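Please look through the structure below with its helices and its chain contact in mind. The explanation that follows moves from single helices to the way the copies meet.

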Protein chains: 2
Amino acid sequence: MTRWEPDARGRLALAALELYSERGYDQTTVAEIAKRAGLTERTFFRYFADKREVLFQGSDILQNRLVQGIENAAPTLSPMDAVGAALVAAAGPLEEARDFVLRRQAIVVANPELQERELIKLAVLAAALADALRRRGVPDPAASLAAEAGVAVFKVAFLRWADQAAAAADGNGGGPTLAQVIGQSLAELKAVTAAG
Amino acid sequence: MTRWEPDARGRLALAALELYSERGYDQTTVAEIAKRAGLTERTFFRYFADKREVLFQGSDILQNRLVQGIENAAPTLSPMDAVGAALVAAAGPLEEARDFVLRRQAIVVANPELQERELIKLAVLAAALADALRRRGVPDPAASLAAEAGVAVFKVAFLRWADQAAAAADGNGGGPTLAQVIGQSLAELKAVTAAG
């Protein structure tokens, strides 16, 4: 057995997703995931702290991308549009990992404990976005409100995109991209808050 | 021992809050809460399912008030302003229970598990608000976005109000009411989403 395994992380993640789908998240052990991937448990733990992290490592990556997106946003952009630009920039990698993301989403939706974890990640994300906006010089409560509104847009857009992608799965692809749905949802949030 | 205890619920809730503050939420048992209130454990369980419910029963009441607030909102109001009117209407009872609400908030903030429960309650709240808007005839994604944005406003406003109230606690009272902070925060959300 060689120490280095080609794409061990990807094989482990895929094996985990398959098993979570087939027999449920709670019923799957790390030993089974490693076996399905043709690797050892020890290799699993070189990449993931536990079986939940297979599903949530992406949340940390997403958060870093979003914070970077705000840092890179043109200084002329309003706080809300800086958040929007960061969301659109972060959508690309999710779109590329579309199959993984959609299968992961189906597993999270089926498990209340994982849904709760997702909500906590979103709250942490909102706090990180607000901090990034404050570093841009945006005062409170504008920073908190733009960050929370941005997470609301992301949440709503992501669910719409996942629903449409799942519905279009027969046709393999088709439907709008996540970046497009985020753009639409932000425009609709602006319309909703402007009316009346 | 009489079966009916004058204001048993209030005495139990207050005893629980005192003990959670003094020795921590995790370190407090139902037996201790009942004892502090001068009541039996059996009486405690007539009012609360467990020690966590002392802190979260109010979330269900708040949710009912908010849904009712949307149902009672003038038909001419935009979805966002219907949510705003519901938030302002629900703020009154929280303001009246100000001492309890602020002490509860300090306990929740000090305990990650309780904070997670609070996030879940807020997500459930957003879903209930979106349903109430759909019953008003608001289509999606406007219903989801207005509901999520409303919860964002509530979250930000509540924390601002609680901070200011805690800071003003020496002077006993003072500072803006929760309804006022909600009104300001909604106006600021509108400004944030309108700019740029």
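How far apart should the ends of helix 7 (residues 112-135) of chain A lie, at 1.5 Å a residue? In this predicted model, the 24 residues of helix 7 of chain A should span 34 Å, and because the C-alpha atoms at its ends are 35 Å apart, the expected and the computed values agree. Along helix 7 of chain A, the buried residues are A:Leu122, A:Leu125, A:Ala126, A:Leu129, A:Ala130, A:Ala132 and A:Leu133, where buried requires 20 or more other C-beta atoms within 10 Å of the residue's own. These buried residues pack against three elements of chain A, namely helix 4 (53-72), helix 5 (79-96) and helix 8 (142-167). Just after helix 7 of chain A, the backbone at A:Gly137 adopts a positive phi of about 95°.

Helix 2 (residues 30-37) of chain A can be read in a similar order. Its buried residues are A:Ile33, A:Ala34 and A:Ala37, and because they cover an arc of only 95° around the axis, they sit on the same side of helix 2 of chain A. As a general point, an α-helix has 3.6 residues a turn, so residues three or four places apart point the same way. The buried residues of helix 2 of chain A pack against helix 1 (8-23) and helix 3 (41-47) of chain A, and just after helix 2 of chain A comes A:Gly38, with a positive phi of about 70°.

We turn next to the contact between the chains. Chain B contributes 29 residues to the contact and chain A contributes 29 residues. On the side of chain B that touches chain A, the elements giving two or more residues are helix 5 (79-96), helix 7 (112-135), helix 8 (142-167) and helix 9 (178-194) of chain B. Helix 8 of chain B gives the most to this side, with ten residues, and the residues of the side of chain B that touches chain A comprise 17 nonpolar, five polar and seven charged ones.

How are the two copies related? A turn of 180° with a shift of 0.0 Å along the axis lays chain B on chain A with an RMSD of 0.0 Å, and the copies are therefore related as by a two-fold rotation axis. Among the residues of chain B, B:Ala149 comes closest to the rotation axis, its C-alpha lying at 2.9 Å. Finally, 100% of the interface residues of chain B are also interface residues in chain A, which means that the copies meet through the same surface.

Conventions: Residues are numbered from 1 along each chain as its sequence is written. Chains are lettered from A and ligands numbered from 1 in the order in which they are written. This is a predicted model: local features need pLDDT of at least 70, side-chain atom pairs count only at pLDDT 80 or more; totals for chains, interfaces and linings use all residues. Two residues are in contact if their C-beta atoms, placed from the backbone, lie within 7 Å. Helices (H or I, at least four residues) and strands (E, at least two) are DSSP runs, numbered from the N terminus. Ala, Val, Leu, Ile, Met, Phe, Trp, Tyr, Cys and Pro count as nonpolar, Asp, Glu, Lys and Arg as charged, and the others, Gly among them, as polar. The expected span of a helix is 1.5 Å times one less than its number of residues. A residue is buried if 20 or more other C-beta atoms lie within 10 Å of its own, exposed if 12 or fewer, and partly exposed in between; C-beta atoms are placed from the backbone. Copies are superposed by least squares on the C-alpha atoms of residues with pLDDT of at least 70 in both. The arc is that of the directions from the helix axis to the C-beta atoms.
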